[in-house]
Amino acid sequence: MEAHALTVRLTSAVDFPFLALLISGGHCLLALARGVSDFLLLGQSLDIAPGDMLDKVARRLSLMNHPECSAMSGGEALEHLAKQGNKLSFDLKPPMQRAKNCDFSFSGLQHVVDKLVMQKEKEEGREQGQLLSAAADIAAAVQHTVACHLARRTHRAILFCRQRDLLPQKDAVVVASGGVASNLYIRKALGVVMNATECTLLCPPPSLCTDNGIMIAWNGIERLRAGLGVLHETEGIRYEPKCPLGVDISRDVAEAAIKIPRLKMEI
């Protein structure tokens, strides 16, 4: 996750501090990057990641059987098909609307979509695996709901950081990284928040969002330059499958209970 957050500095001159939204098939979090190895964790997914959820919805809609989407990944297929649909055809509510924090949740939305697909299959007389006539509308509604959830959490993170003087009041930088950050609709939703808060959104090129080798190598260069965490001997090193990103201050964010203004997501 540290590598994901720092990758943008490989292609853009980005100074610390900046807000990082890391969204992929395996992760979802908001963190303030104060230095190469200095992060404050503001919130993270309480269940599954957005990329995982979008892939599962694409599989449930059998988009691999769609002639236009057969060679695409699940998330890519969903984004492609959503362009042909009406996002307002189904009233899907963004998760955790009453929780005034920066955490995320996607499993509940996925469950709602599963029930919706099952209902439409019955209405259209389709077997599971067959394409629905409503597939594009469902894809558009799901994508819009996920985009709004990510945008609202990011909006609160910006306001919290400014309240605590952790980010500049104007011209702050927000970095969206990870595979899901390649979704142009989600970028546009984040752009609405950037316009309202006078922030700048930066996203690494898609190729750098998915190439872990480049990300980790750049992370090593950043640490080497900063003289942080570079080891010349590996004897006695303990390896762990998971490691927290920085200091978790998500409880402080929740206690601040910042109410965000409603923005028109005219995308």
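**View 1. Helix α7 runs from residue 184 to residue 197.** In this predicted model, helix α7 holds 14 residues and covers 20 Å from its first C-alpha to its last, which is close to the 20 Å expected at 1.5 Å a residue. Look along the helix and you'll meet these buried residues: Tyr185, Ile186, Ala189, Leu190, Gly191, Val192, Val193, Met194 and Thr197. What do the buried residues of α7 pack against? Their partners are the strands β1, β4 (172–177) and β5, plus the helices α4 (74–82) and α6 (135–163).

**View 2. Here are the two ends of α7, with Asn183 at the start and Glu198 just after the helix.** At the start, a side-chain oxygen of Asn183 reaches to within 2.9 Å of the backbone nitrogen of Tyr185. Just past the other end sits Glu198, and its phi is positive, at about 55°.

**View 3. Now zoom in on Tyr185, a residue of helix α7.** Is Tyr185 buried or exposed? Its relative accessible area is 15%, so Tyr185 is buried, the cut-off being under 20%. Setting aside neighbours within four places in sequence, Tyr185 touches Glu79, Lys87, Gln143, His144, Ala147 and Ile267. With Lys87 there is a polar contact between the two side chains, at 3.4 Å. Ala147 is worth picking out too: 38 residues separate it from Tyr185 in sequence, but the C-alpha atoms of the pair are 7.3 Å apart in space.

**View 4. Step back and you can see an open sheet of six strands.** Reading across, the strands come in the order β5-β4-β1-β2-β3-β6, and their pairing is mixed. The edges belong to β5 (199–202) and β6 (247–248); each has a single partner strand, so one side of each has no neighbour in the sheet.

**View 5. Strand β1 covers residues 18–23 and pairs with β2 as well as with β4.** On the β2 side (residues 28–35), the two strands run antiparallel and are joined by six bridges. Follow the chain from β1 to β2 and you pass through a hairpin whose connection is four residues. Which residue in β2 stands opposite Ala20? That's Ala31. With β4, strand β1 runs parallel, and four bridges join the two. Here Leu22 is set opposite Ser177 of β4.

**View 6. The two faces of β1 are both covered.** One side carries Phe18, Ala20 and Leu22, the other Leu19, Leu21 and Ile23, and every one of these residues is buried. Since six of the six residues of β1 are buried, the strand is largely enclosed by the rest of the structure.

**View 7. Ser250 belongs to helix α10, which spans residues 250–256.** Ser250 has a relative accessible area of 19%, and because buried means under 20%, it counts as buried. Its side chain and that of Asp248 make a polar contact of 2.6 Å. Leaving out neighbours within four places in sequence, the residues in contact with Ser250 are Leu41, Leu42 and Gly43.

**View 8. Two aromatic pairs turn up in this model.** Phe16 and Phe18 make a stacked pair, with ring centres 5.5 Å apart and 15° between the planes. How accessible are these two rings' residues? Phe16 is partly exposed at 24% relative accessibility, whereas Phe18 is buried at 0%. Phe104 and Phe106 also form a stacked pair, at 6.4 Å centre to centre and with 10° between the planes. Phe104 is buried, with a relative accessibility of 0%, and Phe106 is buried at 0% as well.

Conventions: Residues are numbered from 1 along each chain as its sequence is written. This is a predicted model: local features need pLDDT of at least 70, side-chain atom pairs count only at pLDDT 80 or more; totals for chains, interfaces and linings use all residues. Side-chain values use heavy atoms; hydrogens and water are left out. Two strands pair if DSSP finds at least two bridges between them. The expected span of a helix is 1.5 Å times one less than its number of residues. Buried means under 20% relative accessible area, exposed over 50%, partly exposed in between (1.4 Å probe, protein chains only). Contact means heavy atoms within 4.5 Å. A polar contact is a pair of N or O atoms within 3.5 Å; within protein, one must be able to donate a hydrogen and the other to accept it, and residues adjacent in sequence count only if both atoms are side-chain atoms. Rings of Phe, Tyr and Trp (its six-membered ring) pair if their centres lie within 6.5 Å; planes under 30 degrees apart count as stacked, over 60 as edge-to-face and the rest as tilted.
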